[in-house]
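I opened this entry to look up how the strands and helices fit together. My notes follow the structure.

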Amino acid sequence: MNPYSSLCDDFGVYVYVNTKMDLPSGRETVLHFFDRLRKAYPTMTDFDRRENGEFVLEEDREQGSYRWVTIENRRLCIGYVNPPELDDADRINEMVLESAPYHLDCGPLDCEALDVLFAFDFMYTGNHDEVVAEALGMNTTLESVLQLPGTRVLNYEPSLMLALEDSCRLQCRLSIETRTNAYQIRTGQFPEAPISVYFTVRQYWGRSGYKNFLESYKNQRKHCQELVDNHIIPAVVRPLAQTIAAKQ
């Protein structure tokens, strides 16, 4: 079982290959690449070209658990939302990372950075920023500010970046995204929307020492899960989940 499915409403594993040059956008190249994916994963049948020129192949999102791959101008994106097991996400990530240099001509020389990201979504109807501040912001030096009489929290999206080794080329980032605006707070009309917790491990590629994307992915994926399990779950995910549950 996915170890994170019980902690949030939706969980996703995403990989981003950030390139220095534009990725191919020709009909033959794009269709050939996606056709290979479709043969490996026959349920990935929804293909589209978006208005901004991006190409996407994905499974039916209404299933709740689905894979997707997107070719942007300078970024190749792979995602698996609510994978049954983390190994399922690893399989498609590794397959795409192995095949992309041959099909899309985006090798290590062209790579700016490789990102591995774990995402946790919590559906909530109410002031997102207030919930995040209550879950994570109390017992800090800002507590007196958060409790000023007659005030309402308008924005509270903590973000933290750390270097994981001396060269600062392997980094991690914790960020929280809320979706509440001033109009909703003023009117008291809050639609149901997700509060997102993102944890990313980024490898800047130049002088990284890795021969290919797959080697780097396995190292980043290991770091990501270890840091999430030991720090992000107890310090961020569980407190946020508990605060939301207490308000519903």
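Which residue in strand 9 does Ala-119 stand opposite? I looked it up in the model, which is predicted. The residue is Tyr-198.

I then checked the two strands as a pair. Strand 6 covers residues 111-124 and strand 9 covers residues 193-204. They run antiparallel, and twelve bridges join them.

Next I traced the whole sheet. It is open, with nine strands in the order 2-3-4-5-1-6-9-8-7 and antiparallel pairing. I found strand 2 and strand 7 (159-163) at the edges. Each has a single partner strand, so one side of each is left without a neighbour in the sheet. From one strand to the next, the twist averages 15 degrees.

I looked for what lies on the sheet. Helix 6 (residues 213-247) packs there and touches strand 1 (10-19), strand 6, strand 8 (170-177) and strand 9. The direction of helix 6 makes about 20 degrees with that of strand 6.

I moved on to helix 1, residues 27-40. Its 14 residues reach 20 Å from the first C-alpha to the last, close to the 20 Å expected. Which residues of helix 1 are buried? I listed Val-30, Phe-33, Phe-34 and Leu-37. Seen down the helix axis, these buried residues fall within an arc of 90 degrees, so they line one face of helix 1. The general rule I kept in mind: an α-helix has 3.6 residues a turn, so residues three or four places apart point the same way.

I noted the partners of that buried set: strand 2 (46-49), strand 3 (55-58), strand 4 (66-71), strand 5 (75-81) and helix 2 (86-103). On the face of helix 1 turned away from its buried side, I found exposed Arg-27, Glu-28, His-32 and Lys-39.

How values were computed
Residues are numbered from 1 along each chain as its sequence is written. This is a predicted model: local features need pLDDT of at least 70, side-chain atom pairs count only at pLDDT 80 or more; totals for chains, interfaces and linings use all residues. Side-chain values use heavy atoms; hydrogens and water are left out. Helices (H or I, at least four residues) and strands (E, at least two) are DSSP runs, numbered from the N terminus. The expected span of a helix is 1.5 Å times one less than its number of residues. Buried means under 20% relative accessible area, exposed over 50%, partly exposed in between (1.4 Å probe, protein chains only). The arc is that of the directions from the helix axis to the C-beta atoms. Contact means heavy atoms within 4.5 Å. Two strands pair if DSSP finds at least two bridges between them. Axes are lines fitted to C-alpha atoms, for helices over the stretch in contact, and angles run from 0 to 180 degrees between N-to-C directions.
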